[in-house]
Amino acid sequence: MSRELSNAMRKPLVVMKFGGTSVGDAAAIRNVVAIVSAAAHSCELVVVVSAMSGVTNRLLEAGTQAQAGNRDRVEAIFRDLRARHRAAIGELIRSVPLRGRVNLQVEQMFEEGERLCDSTRRSRELTPRTRDAISGLGERMSAPIVAAALNERGLVSQSIEATVLIRTDSGHGSAEPEMAATCKLCQARLRPLLEEGIVPVVTGFIGSSEDGVLTTLGRGGSDYSATILGAALAADEVTIWTDVDGLMTADPRLVPEAATIGEISYAEAAELARSGAKVLHPKTLRHVDELGIPIRIRNTFSPEGRGTQITPCGSRSAATIKGLSAVSEIPDSSLARVTAVGMNLGDPAVARRMLAALAVRNVNPISVSPAVSDSSFSFAVVKSDVQRALQALHNEFQLGALDGTASAGRIPPASETWFYAPAEETASAD
């Protein structure tokens with residue numbers, strides 16, 4: 001068979017990452033199973049999973065409570081987490097032997113966590129290495145459950161800990177991947193499974209140093225895991241499944257007509273991340289952009305939507321501004337920083353147009369930051385003017401008419417600082 005024909009017959013390889021709310025309970029995991037099963041007909045798949053929503057926070061709390069010597073509090077946290085994971089396993093897995101194996105795997109990890117916390121309590125020291133080991137348990141429990149649920153559906157799957165796939169430096173809490181070694185490990189371990197039609201379910205957030213010690217990748221780590229694997233395998237796409245419809249033009253709590261952005265460039269997405277976005281960490285794009293691998297952000301709970309696609313060049317839309325963010329300049333400050341992200345924002349004519357639109361709404365910028373690139377333009381306003389500033393620019397540049405879909409259905413809690421969509425949880429993993 002010729003190479004051209006072989007390539008034409010090859011199924012595209014997609015890395016799918018499912019965040020904490022996407023695997024938050026049995027009902028959510030059933031959605032994941034349905035999505036993966038449907039995609040498996042036309043794609044080769046590698047699945048990356050976060051811990052169940054909120055679990056990483058609870059594990060970190062257990063570590064902190066252990067350091068303080070609060071044994072009863074640690075025991076209560078592990079008791080609650082055990083009940084939650086056992087309930088999901090009981091609902092998802094009907095096969096008695098398979099359920100027993102998964103319960104045993106998960107129980108072994110709980111026992112490991114308890115030993116780590118007990119050691120921490122006795123020493124009263126929570127080292128970065130131990131903190132990583134404790135906080136990484138959530139993904140290590142989530143992956144076997146999702147893999148077993150896929151097997152129950154008839155899709156052959158195998159859970160794999162990313163410690164054998166992602167080689168990192170020894171920077172506990174925010175480790176960086178060693179891509180040459182990671183590529184070799186991924187090709188050696190994952191390619192044979194894919195060739196056999198097996199779906200690997202990989203733990204997000206974690207890796208291991210050269211001496212085999214577990215490390216974590218920091219905030220946004222599960223997304224970062226997915227794009228690291230996507231780059232290592234030269235995937236055709238990385239899809240980040242979350243609980244919102246994609247990247248939005250503005251916060252819909254402040255701008256009701258905010259719309260989902262259909263397509264955006266790497267550069268624009270990176271600027272959005274740097275200006276306060278929680279759905280996408282700047283590191284997420286670091287390795288896929290070198291290969292031009294597109295990233296798509298989609299909603300696990302509304303999989304019919306096409307979400308937002310992040311590509312090397314973005315859309316051909318004539319829109320100058322793609323999205324707007326607003327974050328506090330300093331905690332407890334009376335000022336907020338508003339950032340517009342898009343194309344040609346270093347053009348003085350665009351700046352004048354923005355300032356004119358603000359003036360019409362009686363918004364007075366306290367200061368304007370010099371454009372460091374053509375992709376962003378920032379200014380400070382008093383917090384009471386934020387909504388009017390966002391609405392003024394959103395209307396002036398007709399962002400609600402971009403090529404995306406309708407506004408998002410989920411409005412995040414007011415406590416969340418976000419750009420277009422909230423983080424699924426505040427812990428490091430997601």
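A polar contact is a pair of N or O atoms within 3.5 Å; within protein, one must be able to donate a hydrogen and the other to accept it. Keep that cut-off at hand for the stops below. The model on screen is predicted.

**Stop 1: two serines in loops**

Select serine 50. It sits in the loop that links strand S2 (44-49) to helix H3 (55-67). Is serine 50 buried or exposed? Its relative accessible area is 1%, so serine 50 is buried. Now add serine 222 to the selection. The side chains of serine 50 and serine 222 make a polar contact at 3.1 Å.

Go next to serine 22. This residue lies in the loop between S1 and H2. Serine 22 has 0% relative accessibility and counts as buried. Which side chain does the side chain of serine 22 touch in a polar contact? Show threonine 300: the distance between the two side chains is 2.7 Å.

**Stop 2: helix H2**

Select residues 26-39. This is H2, a helix of 14 residues. From first C-alpha to last, H2 reaches 20 Å, close to the 20 Å expected at 1.5 Å a residue.

Zoom in on the start of H2. Here a side-chain oxygen of aspartate 25 comes to within 3.3 Å of the backbone nitrogen of alanine 27.

Now colour the buried residues of H2: Ala26, Ala28, Ile29, Val32, Val33, Ile35, Val36, Ser37 and Ala39. As you look along the helix, recall that an α-helix has 3.6 residues a turn, so residues three or four places apart point the same way.

What do the buried residues of H2 pack against? Display strand S1 (13-18), S2, S5 (199-203) and S8 (237-242), together with helices H4 (71-92) and H7 (137-152). These strands and helices are the packing partners.

**Stop 3: strand S10 and its partners**

Select residues 295-299, strand S10. Four of its five residues are buried, so S10 is largely enclosed by the rest of the structure.

Bring up S8 beside it. S8 and S10 pair in the parallel sense, over five bridges. For one position to inspect, show valine 238, which stands opposite isoleucine 295 in S10.

Then add strand S11, residues 308-311. S10 and S11 run antiparallel and are joined by three bridges. Pick isoleucine 297: its bridge partner in S11 is threonine 308.

**Stop 4: a three-stranded sheet**

Show S4, S6 and S7. They form an open sheet in the order S4-S6-S7, with mixed pairing. Why is one side of S4 and of S7 left without a neighbour in the sheet? Strand S4 (167-168) and strand S7 (214-216) stand at the edges, and each has a single partner strand, so one side of each stays unpaired in the sheet.

Focus on S4 and S6 (residues 206-209). They pair in the parallel sense over two bridges. To find a bridge, select threonine 168; its partner in S6 is serine 209.

**Stop 5: an enclosed space**

How many cavities of 30 Å³ or more does a search of the whole structure find? The search finds two. The second largest cavity holds about 30 Å³ of space.

Select its lining: Arg82, Arg86, Ile89, Asn103, Val106, Glu107 and Phe110. H4 and helix H5 (96-123) are the elements that give two or more residues to this lining. Which element gives the most? H5 does, with four residues.

Methods. Residues are numbered from 1 along each chain as its sequence is written. This is a predicted model: local features need pLDDT of at least 70, side-chain atom pairs count only at pLDDT 80 or more; totals for chains, interfaces and linings use all residues. Side-chain values use heavy atoms; hydrogens and water are left out. Two strands pair if DSSP finds at least two bridges between them. Buried means under 20% relative accessible area, exposed over 50%, partly exposed in between (1.4 Å probe, protein chains only). The expected span of a helix is 1.5 Å times one less than its number of residues. Contact means heavy atoms within 4.5 Å. On a 1 Å grid over the protein atoms alone, a cavity is a set of points where a 1.4 Å probe fits but cannot get out, and a pocket is an open set with protein on both sides within 12 Å along at least five of seven lines; lining residues have an atom within 4 Å of a point. Grid points are joined across faces, edges and corners, and a volume is the space filled by probe spheres set on the points.
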